[in-house]
Amino acid sequence: MRHLVLGLAAGLLLFGGGPAAAQGTMTLRDRLMIVTSSATIGLGELLSRSFAERFEGVVPPQATRLGSVRAMEAFCAGIGPQTPDLLLLTRRLPRAVVETCAANGVRDIIEVQLGLGAVVLAARRGEAMPGLTTRQVFEALAAERPVDEEFVPNPSRVWSDLGPGLPRNEIRVILPAAGSGPRALFDDLVMEAGCRYVRDIRLLFEAAYRRAKCITARNDGRVVNVPYNQLAAALLAAPPGTLGAVSFEQLTASGGNLVPVALDSVTPTIAAIGSLDYEQARTFFVYAKRQHSRNQQGVGVVRGIREFLIESVSEHAGGPGGYLAVAGLVPLAPADRAAQRRIADEARLMSR
């Protein structure tokens, strides 16, 4: 028992849940704790702010970026105030992770889908680029390229260096600022996808070193980093032939002034993104521990889990024109959005 009390106390200190427990309430923490991947931290912070604004007097949830692997490990570590309540990912929890959760006592998990995130390469109207492959994008933007089994500064200067049929335009690309969620999504879905089949990189043993070779962009002036919300405007003002990595919402909001570039022979459209035929798209998920909610006796780890999920899948958030769409997510189809609202309202457990 002494070890249990010490463990709970450590958890309260770690997650800032002490005040609620100290005040004698029936919960052990006074705020929701969310862990996220690199690509979902922005959405986690946005959902936290919107949740706090919607429910007066609520302590804003705390969103912590751990990266997808560490976030899943933290979520599955067990039940209690020392562990997070919610997890945001750009992919479905793998079965092996669900089994690890169950082995650690995390058995009652709710899964809801927020929407679809997509990375789109765009050009200005009238400057359309022929379709590219993710490998060509990687070869254009990587800081270093393997040559004769050595890594050297990227020598490519014009797009035609990378393949027949590409124009002799100077390579110029605008990317979301490093460290942002959109940049993490670009790194994962374009840069890392593009270097996956480069033999010299594939043979690197250390995963962190291999990833660094995949996602580190050149700094010789051909790649410009700007805040995500300024990217579309920066692209419209850039020199002719510049490409930009924008969200689908930014593309559509341009009123036709920006046009998409096909990647790996697929043009990003609502249909291609919704079906995930466009491989640079991912479904964003929220996972919640129903075991952390208050039980019929009013005792639990924290308040607000069900309310957070309901807010996350509301039309105000995830519908057309909702704040998640403005942040770059493509809304689910109407029937799918309705299904997610039912799951959240009923706090229905995932079945797999």
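Two residues are taken to be in contact when heavy atoms of theirs lie within 4.5 Å, and in this predicted model the residues that Ser312 touches in that sense, leaving aside its neighbours within four places in sequence, are Leu47, Leu114, Ala317, Gly318 and Leu324. Ser312 belongs to helix H13, which spans residues 305-312, and Ser312 is buried, with a relative accessible area of 1%. A polar atom of the Ser312 side chain is found 2.8 Å from the backbone oxygen of Phe308.

Leu324, listed above among the contacts of Ser312, is also one of the residues with the most contacts inside the largest nonpolar core, a set of 82 residues in which Leu132, Leu141, Trp159, Phe186 and Leu309 are likewise named in this respect. The element that gives the most to this core is strand E4 (residues 109-124), with ten residues. For Leu309, when its neighbours within four places in sequence are left aside, the contacts comprise Leu86, Ile110, Val112, Val286, Ala288 and Ala344. Separate from the largest core is a second one, made up of 16 residues and including Cys76, Leu93, Val97 and Tyr287.

Helix H6 (residues 134-141) is largely enclosed by the rest of the structure, because seven of its eight residues are buried. The buried residues of H6 are Thr134, Gln136, Val137, Phe138, Glu139, Ala140 and Leu141, and Leu141 appears again among the residues with the most contacts inside the largest nonpolar core.

Technical notes:
Residues are numbered from 1 along each chain as its sequence is written. This is a predicted model: local features need pLDDT of at least 70, side-chain atom pairs count only at pLDDT 80 or more; totals for chains, interfaces and linings use all residues. Side-chain values use heavy atoms; hydrogens and water are left out. A nonpolar core is a set of buried Ala, Val, Leu, Ile, Met, Phe, Trp, Tyr and Cys residues joined through side-chain atoms within 4.5 Å. Buried means under 20% relative accessible area, exposed over 50%, partly exposed in between (1.4 Å probe, protein chains only). Helices (H or I, at least four residues) and strands (E, at least two) are DSSP runs, numbered from the N terminus. A polar contact is a pair of N or O atoms within 3.5 Å; within protein, one must be able to donate a hydrogen and the other to accept it, and residues adjacent in sequence count only if both atoms are side-chain atoms.
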